[in-house]
Amino acid sequence: MLSKLLLKHSTPKARHSERILKKNLTHYLVEQQRQQGSVSAEVRLLIETVARACKVIGHHVSKGALGGVLGSLGSENIQGEVQKKLDVMSNEILLQANEWGGSLAAMASEEMDTVHRIPSHYPKGRNLLLFDPLDGSSNIDVNVSIGTIFSVLNVPESAEERDIQERDFLQPGVRQVAAGYAIYGPQTMLILTVGNGVVGFTLDSELGSWVLTNEDIRIPKQTSEFAINMSNYRHWHAPVRRYIDECLAGTEGPLAKNYNMRWIASMVADVHRLLTRGGVFLYPTDQRESVQEGKLRLMYEANPMSFLIEQAGGAAIDGTQRIMELQPTKLHQRVGVILGSEEEVQRLQRYHSEA
Ligand code: P6P
């Protein structure tokens with residue numbers, strides 16, 4: 001049967017019109033390297049290695065109780081958050097997958113207090129990898145979509161001849177050369193940007209291949225859907241309260257339309273919805289001591305997600321400033337996050353500047 005099929009598709013035209021082999025991650029990255037020059041061979045290998053690690057993480061996530069991976073370890077990470085077994089396992093998978101390849105000089109993770117330098121017995125590359133190995137882990141035990149977020153930076157020239165220090169990671173988000181996330185949900189998907197728009201791959205678990213399924217993800221400029229944890233209403237600063245009140249006022253209010261609300265409490269899942277159908281996501285700073293700087297982390301949550309959102313035609317601010325222009329001062333620093341459909345984010349930015 002296959003031979004007949006292949007015979008039928010023997011002419012270049014037939015082959016082109018009815019591809020048997022769908023484009024996959026490697027094909028996309030080779031095109032980006034060859035045609036656009038937007039990724040180096042090192043970064044291409046790095047992204048493929050991260051994507052392979054995400055397949056392994058997704059495999060363990062999907063086993064849940066059957067794999068004995070649910071529940072907590074009883075330890076805390078630097079954020080003071082209880083570590084789930086899968087948090088630590090996912091971190092370990094990403095470290096082991098990326099140590100040997102020769103693309104990296106060091107890694108940083110939400111689950112590690114400080115940077116992880118590539119061991120001296122492996123070749124050292126010219127890139128830095130940052131990741132939240134399993135974001136939304138409070139959702140693991142309740143079987144809600146979670147994900148891995150990653151960001152790629154170049155090693156600063158000043159650090160090429162010495163050991164990597166934490167300060168070498170403290171680069172603004174505009175310096176990212178690639179960013180993406182894997183989402184472990186009804187489908188396992190990889191959403192990626194290398195600075196030439198946003199593409200999406202769906203894992204074909206039979207082939208183990210990331211198949212290109214979304215060639216040009218664009219986020220609508222307008223929306224009627226917001227995502228925020230409403231239980232924090234009494235803590236919000238005035239501009240956020242003003243915006244949400246206007247959304248809730250619906251057609252009788254100044255925005256003259258009804259809004260819908262979603263809050264999955266898994267940033268990867270909430271951002272994936274925005275990239276799929278538009279919306280605005282808010283985790284703003286508020287008046288609580290613990291959230292004065294925000295809850296989400298700049299380097300491996302806000303920056304990679306902002307890169308994706310901007311590449312898809314959206315906007316991402318901390319309330320007043322573009323997130324990707326913020327100069328980091330600490331590896332695990334937190335930041336207020338408002339991102340999504342451009343017109344909504346611009347309205348919120350205006351409300352903050354008017355306050
Ligand atoms: P809250 C998950 O723990 C996370 O870091 C993000 O993925 C998510 O958007 C946020 O925290 C949820 O926070 O306060 O609503 O539980």
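In this predicted model, the buried residues of helix α6 pack against three elements: β11 (225-227), β13 (280-283) and α9 (342-354). The residues in question are P239, V240, Y243, I244, E246 and C247. Seen around the axis, they take up an arc of only 155°, which places them on the same side of α6. That fits the usual helix picture: with 3.6 residues a turn, residues three or four places apart point the same way. Over on the other side of α6, A238 and L248 are exposed. The geometry of the helix checks out as well. α6 runs over residues 238-249, and at 1.5 Å a residue its 12 residues should span 16 Å; the end C-alpha atoms are indeed 16 Å apart, so expectation and model agree. Right after α6 comes G250, with a positive phi near 60°.

α6 also takes part in a salt bridge. R242 pairs with E354, and the closest N and O atoms are 2.8 Å apart. With R242 in helix α6 and E354 in helix α9, the contact links distant parts of the chain, 112 residues apart. R242 itself is partly exposed, because its relative accessible area is 36% and the buried class stops at under 20%. α9 therefore turns up twice around this helix, as a packing partner of the buried residues of α6 and as the home of E354.

Searching the whole structure turns up 16 salt bridges. In general terms, side chains of opposite charge can pair when their charged atoms come close. One of the pairs is E42 with R126, at 3.5 Å from N to O. E42 sits in helix α4 (residues 41-63), while R126 belongs to the loop between β4 (116-117) and β5 (127-135), so this bridge ties together parts 84 residues apart in sequence. Another pair is E110 with R297, at 3.2 Å from N to O. Here the loop between β3 (104-109) and β4 supplies E110 and strand β14 (residues 296-297) supplies R297, so the parts tied together are 187 residues apart in sequence. Both E110 and R297 are buried. Beyond simple pairs, salt bridges also link E225, D270, R273 and R277 into a network.

R297 shows up again in the pocket analysis. The largest pocket has a volume of about 550 Å³. It is lined by 29 residues, of which E81, S138, A265, K295 and R297 are the closest to its centre. Two or more lining residues come from each of β2 (82-84), β5, α7 (267-277), β13 and β14. β2 gives the most, with three residues. Strand β13 thus appears both in this lining and among the elements packed against α6.

The loop between β3 and β4, which carries E110, is also where M112 is found. M112 counts as buried because its relative accessibility is 13%, and the cut-off for buried is under 20%. Leaving aside residues up to four places away in sequence, M112 touches I78, N91, L95, M107 and H332. As a gauge of distance across the model, the C-alpha atoms of M112 and L207 are separated by 33 Å, with the two positions 95 residues apart along the chain.

Key: Residues numbered from 1 in each chain as written. Predicted model: local features only at pLDDT ≥ 70, side-chain atom pairs only at ≥ 80, totals over all residues. Heavy atoms only, no water. Helix = DSSP H or I, 4+ residues; strand = E, 2+ residues; numbered from the N terminus. Expected span 1.5 Å × (residues − 1). Buried < 20%, exposed > 50% of the residue type's maximum accessible area, 1.4 Å probe, protein only. Arc of directions from axis to C-beta. Contact = heavy atoms within 4.5 Å. Salt bridge = Lys/Arg side-chain N within 4 Å of Asp/Glu carboxyl O. 1 Å grid on protein atoms, 1.4 Å probe; cavity = no way out; pocket = protein on both sides within 12 Å on 5 of 7 lines; lining within 4 Å. Points joined across faces, edges and corners; volume = space filled by probe spheres on them.
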